[in-house]
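Visitor: Got a minute to walk me through this one? I'd like to hear the reasoning as well as the results.

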Amino acid sequence: STFSVSSASTASSTMTGHSKLGLMHERHRDTRRKLKESVAECRSKDKIIEELQEAIEEMTLELEKKDKRIESLVEDNRKAKESQKGQKQKITFLERRQDEMTTENLALSESCRMATKMKPSLYEKL
């Protein structure tokens, strides 16, 4: 009877050992599965990060192109303003000169009118 109790106890502990081993094996497989999922998720995230970095690089290049275009437009605008300023100065000079010529013409016209009054016979001969 002692043998049978001992034998039953051994069988029970062997079964418990097998259960524990089975449970540990199951946990190990579960951990490996979770680890594989985690690695796949990390790889997926790495791929997304890589794609985002490429998109950022492309956008940076586009911004640099636009910055250069803006700089070019600013320079063109500055040159146009300088040219416009020069044109305004020319116009002002020409307007002043026109005023001077008009004044001279009026003076000459007045001189001619006075001369014709003083010498009507000379004017008629012309």
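Here is a short round of questions and answers on this predicted model.

Visitor: What does the secondary structure of the chain come to?
Guide: Let's start with one element: helix H1 covers residues 2-118. Strands come to zero, and the tally for helices is two.

Visitor: What share of the 126 residues in the chain is buried?
Guide: Buried here means under 20% relative accessible area. Take Glu75, which at 30% is partly exposed. Over the whole chain of 126 residues, the buried share is 0%.

Visitor: Is Glu57 of the negative surface patch exposed or partly exposed?
Guide: Glu57 sits in helix H1 and joins a negative patch with Asp46, Glu50, Glu51, Glu54 and Glu58. The line for exposed is drawn at over 50%. With a relative accessible area of 54%, Glu57 is therefore exposed.

Visitor: Which residues form a nonpolar patch on the surface?
Guide: One member is Ile48, in helix H1. Ile48 has 45% relative accessible area, so it counts as partly exposed. Together the patch has about 290 Å² of accessible area, and its members are Ile48, Leu52 and Ile56.

Visitor: Which residues are linked with Arg33 in a network of salt bridges?
Guide: Start with Glu37, whose side chain meets that of Arg33 at 2.9 Å, N to O. The two are four residues apart in helix H1, which means about one helical turn separates them. The network linked with Arg33 takes in Asp30, Lys34 and Glu37.

Visitor: How far apart are the closest N and O atoms of Glu75 and Arg78?
Guide: These two are three residues apart in helix H1, so about one helical turn lies between them. They form a salt bridge, with the closest N and O atoms apart by 2.4 Å.

Methods:
Residues numbered from 1 in each chain as written. Predicted model: local features only at pLDDT ≥ 70, side-chain atom pairs only at ≥ 80, totals over all residues. Heavy atoms only, no water. Patch = residues over 30% accessible without salt bridge, like charges linked within 9 Å, V, L, I, M, F, W, Y side chains within 5 Å. Areas by Shrake-Rupley, 256 points an atom, 1.4 Å probe, with all protein chains shown as cover. Salt bridge = Lys/Arg side-chain N within 4 Å of Asp/Glu carboxyl O. Buried < 20%, exposed > 50% of the residue type's maximum accessible area, 1.4 Å probe, protein only. Lys, Arg positive; Asp, Glu negative; His and termini not counted. Charge placed at Lys NZ, Arg CZ, Asp CG, Glu CD.
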